[in-house]
Amino acid sequence: MALRGGGRWARLASALHGGAAPRRGGSSGRRDGGGVGDTPQHRELRAALRKLIDKEINPFVDKWEEEGQFPAHKVFKTLGQAGFLGVDKPTEYGGMGLDFSYNIAVAEELGNIRCGGIPMAIGVQAGMTTPALTRFGSDELKKQFLVPTIAGDLVACLGISEAGAGSDVANIKTTAVKKGDEYVINGGKMWTTSGCQADWMCLLANTSEGPPHRNKSLICLPMNLPGIHVTKKIDKLGMRSSDTAQIFFEDVRVPSKNLIGEEGKGFTYQMLQFQEERLWGVATVLTQLETVIQETIDYTRQRKVFDQSVLHNQAVHFHLAELATEVELLRSLLYRTVALYVEGNDVTKFASMAKLKAGRLAREVTDSCLQFWGGMGFTSEVLVSRFYRNRFQPGEENALGRPYCGFSALKGGLQERWGQIFSRVCCDRRGNGFTLKEGRFRLDIRKNFFIMRVVKHWNRLLREVVSAPSLETFKIRLDGALSNLI
């Protein structure tokens with residue numbers, strides 16, 4: 001299928017498909033990450049996007065930042081016609097059909113937009129609302145929602161976070177109760193990027209009363225249905241040009257055919273795409289940090305203090321050099337991770353490390369560079385102050401540190417703690433299940449039978465749980481194991 005926008009884009013897609021970069025799951029990629037995203041084909045894609053950014057986006061960024069919103073339909077239509085909203089999506093639905101390394105090339109180039117809100121919103125449109133729909137959605141849903149989203153005809157938003165459930169996705173409270181051939185939705189979503197302009201939402205909601213990792217489903221929700229209330233556009237410190245909404249649902253009825261994949265698999269579907277989202281965020285911030293450092297170098301070179309340029313001071317020179325080195329090291333980690341991912345490897349640890357480092361570096365670079373701008377850094381007239389406000393959201397570092405810092409200890413501690421608990425377990429019958437508690441053994445036939453059944457199956461279940469390659473898979477397997485035991 002030819003790309004939207006004419007023969008020039010069709011030729012570009014053909015050239016890109018002829019490149020050496022492997023598709024996800026291929027075996028020809030380099031495991032060290034060398035050269036990822038830097039082939040002639042990647043550079044051609046970058047150059048085309050850079051021209052579009054310089055012509056259609058950057059000249060208007062300052063105005064959109066002041067207004068607190070950019071025209072998403074107009075910008076996304078421009079990007080969609082050029083093919084940039086479906087780089088790794090199937091060609092039969094309007095995408096380019098390329099591997100994930102090209103997504104990263106696009107994300108890096110989007111970092112040249114002179115704000116953080118628009119690249120973030122593009123990331124939601126291209127890489128957060130549609131992966132589950134692409135992988136698990138029905139053909140009818142893909143034609144109704146995926147095709148126009150890739151084309152830029154529809155603006156999409158993601159309904160995951162809630163007022164009491166940000167990083168803790170399993171704790172969401174929004175419900176979608178099935179009645180006949182419809183779901184009736186009640187609840188609310190918070191921090192919804194593009195929520196004020198969106199035409200549809202990829203909604204995560206509880207569709208049953210089961211375990212929290214197996215009772216959630218993803219639903220394609222048109223935003224023009226009765227009962228949907230966009231109650232507030234949140235006034236944010238940073239990311240000013242991207243509208244962020246608080247949304248409530250009151251008896252919203254949506255056809256059950258709008259379910260993505262299987263009911264109860266929504267949490268799993270969402271976890272599967274987190275690695276791509278993290279890598280996209282890292283790639284975008286890399287270019288922004290490079291720009292901040294370079295503009296700071298240029299400013300300190302011409303700014304005079306005590307009859308010499310600020311850059312002439314070794315302390316300034318050395319610190320900027322160290323920051324530039326940190327950014328380049330982060331790029332190496334990103335490229336290595338992307339190379340492994342394209343080959344089909346699980347990259348939960350490396351992706352979490354990369355985004356953790358990107359978040360810390362975003363704060364360090366913008367704070368350090370801001371100091372070198374003196375009084376000008378306190379104004380909104382320079383880019384460094386804008387990116388200083390756009391630094392990663394509070395609390396994100398702690399959430400990102402858990403997947404790789406605590407994962408191994410969690411698995412090892414589970415095995416040890418299991419032995420301690422079952423050496424002192426007392427099993428009490430409670431309704432249809434068992435409640436485990438510390439205490440002395442009370443021996444009778446029924447409880448002995450239960451403990452023997454637990455011990456018999458535990459070794460097999462334990463091996464499955466602790467062999468999980470990622471934190472998300474670990475949680476799912478642990479929840480399944482505990483459900484099996486009781």
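**Figure 1. Helices and strands of the whole protein.** This predicted model holds 17 helices and twelve strands. The protein has 486 residues, and buried ones make up 53% of them. Its accessible surface comes to about 22200 Å². Carbon and sulfur atoms account for 52% of that surface. Now take the contacts between residues at least 6 apart in sequence: 73% of them join residues at least 24 apart.

**Figure 2. An aromatic cluster.** Phe60, Trp64, Phe70 and Phe76 form one aromatic cluster. Across the whole structure, a search finds seven aromatic pairs. Trp64 and Phe70 make a tilted pair, because their ring planes meet at 50°, which lies between the cut-offs of 30 and 60 degrees. The centres of these two rings are 6.3 Å apart. A pair of aromatic rings is described by just these two things, the distance of the centres and the angle of the planes. Both Trp64 and Phe70 are buried.

**Figure 3. A lysine over a ring.** Phe60, a member of the aromatic cluster, has a charged partner as well: Lys74 lies over the face of the Phe60 ring. The distance from Lys74 to the ring centre is 5.8 Å.

**Figure 4. A salt bridge between helices α2 and α5.** Side chains of opposite charge can pair when their charged atoms come close. The count for this model is 21 salt bridges. One of them joins Arg46 and Glu109, with 3.8 Å from N to O. Arg46 sits in helix α2 (residues 40–57), and Glu109 sits in helix α5. The two residues are 63 residues apart, and the pair links distant parts of the chain. Are these two side chains buried or exposed? Arg46 has a relative accessible area of 15%, under the 20% cut-off, so Arg46 is buried. Glu109 is buried too, because its value is 8%.

**Figure 5. The salt-bridge network around Arg46.** Arg46 and Glu109 belong to a network of salt bridges. Also linked in this network are Arg50, Asp54, Glu108, Glu290, Glu328 and Arg331.

**Figure 6. Asn112 and its contacts.** Asn112 lies in the loop between α5 (100–110) and α6 (117–127). Which residues does Asn112 touch, leaving aside its neighbours within four places in sequence? The contacts are Arg50, Ile53, Asn58, Thr287 and Thr291. Arg50 also appears in the salt-bridge network of Figure 5. The relative accessibility of Asn112 is 16%, so Asn112 counts as buried.

**Figure 7. A salt bridge between sequence neighbours.** Lys89 and Asp88 meet through their side chains, with 3.2 Å from N to O. Lys89 is buried, because its relative accessibility is 4%. Asp88 stands at 22%, so Asp88 counts as partly exposed.

**Figure 8. A salt bridge between two strands.** Glu182 forms a salt bridge with Arg253. The closest N and O atoms of this pair are 3.1 Å apart. Glu182 lies in strand β3 (residues 182–193), and Arg253 lies in strand β7 (residues 244–255). They are 71 residues apart, and the pair links distant parts of the chain. How buried or exposed are the partners? Glu182 has a relative accessible area of 26%, so Glu182 is partly exposed. Arg253 is partly exposed as well, with 43%.

**Figure 9. Cysteines without a disulfide.** The model has zero disulfides. Cys202 is in none, and its nearest cysteine sulfur, that of Cys220, is 6.1 Å away. A disulfide needs two cysteine sulfur atoms within 2.5 Å, so Cys202 and Cys220 do not qualify. Cys202 is buried, with a relative accessible area of 1%. Cys369 also counts as buried, at 0% relative accessibility.

**Figure 10. Two positive phi angles in a loop.** Most residues other than glycine have a negative phi. What is the phi of Phe306? The angle is near 55°, a positive value in a residue other than glycine. Asp307 is not a glycine either, yet its phi is positive, about 65°. Phe306 is in the loop between β9 (304–305) and β10 (308–309). Asp307 is in the loop between β9 and β10 as well. Phe306 has 80% relative accessibility, over the 50% cut-off, so Phe306 counts as exposed. Asp307 is exposed too, at 80%.

How values were computed. Residues are numbered from 1 along each chain as its sequence is written. This is a predicted model: local features need pLDDT of at least 70, side-chain atom pairs count only at pLDDT 80 or more; totals for chains, interfaces and linings use all residues. Side-chain values use heavy atoms; hydrogens and water are left out. Rings of Phe, Tyr and Trp (its six-membered ring) pair if their centres lie within 6.5 Å; planes under 30 degrees apart count as stacked, over 60 as edge-to-face and the rest as tilted. Buried means under 20% relative accessible area, exposed over 50%, partly exposed in between (1.4 Å probe, protein chains only). A charge sits over a ring if NZ of Lys or CZ of Arg is within 6 Å of the ring centre and within 35 degrees of the ring normal. Helices (H or I, at least four residues) and strands (E, at least two) are DSSP runs, numbered from the N terminus. Contact means heavy atoms within 4.5 Å. Accessible areas come from the Shrake-Rupley method with a 1.4 Å probe; for residues, only the protein chains shown count as cover. A salt bridge is a side-chain nitrogen of Lys or Arg within 4 Å of a carboxyl oxygen of Asp or Glu.
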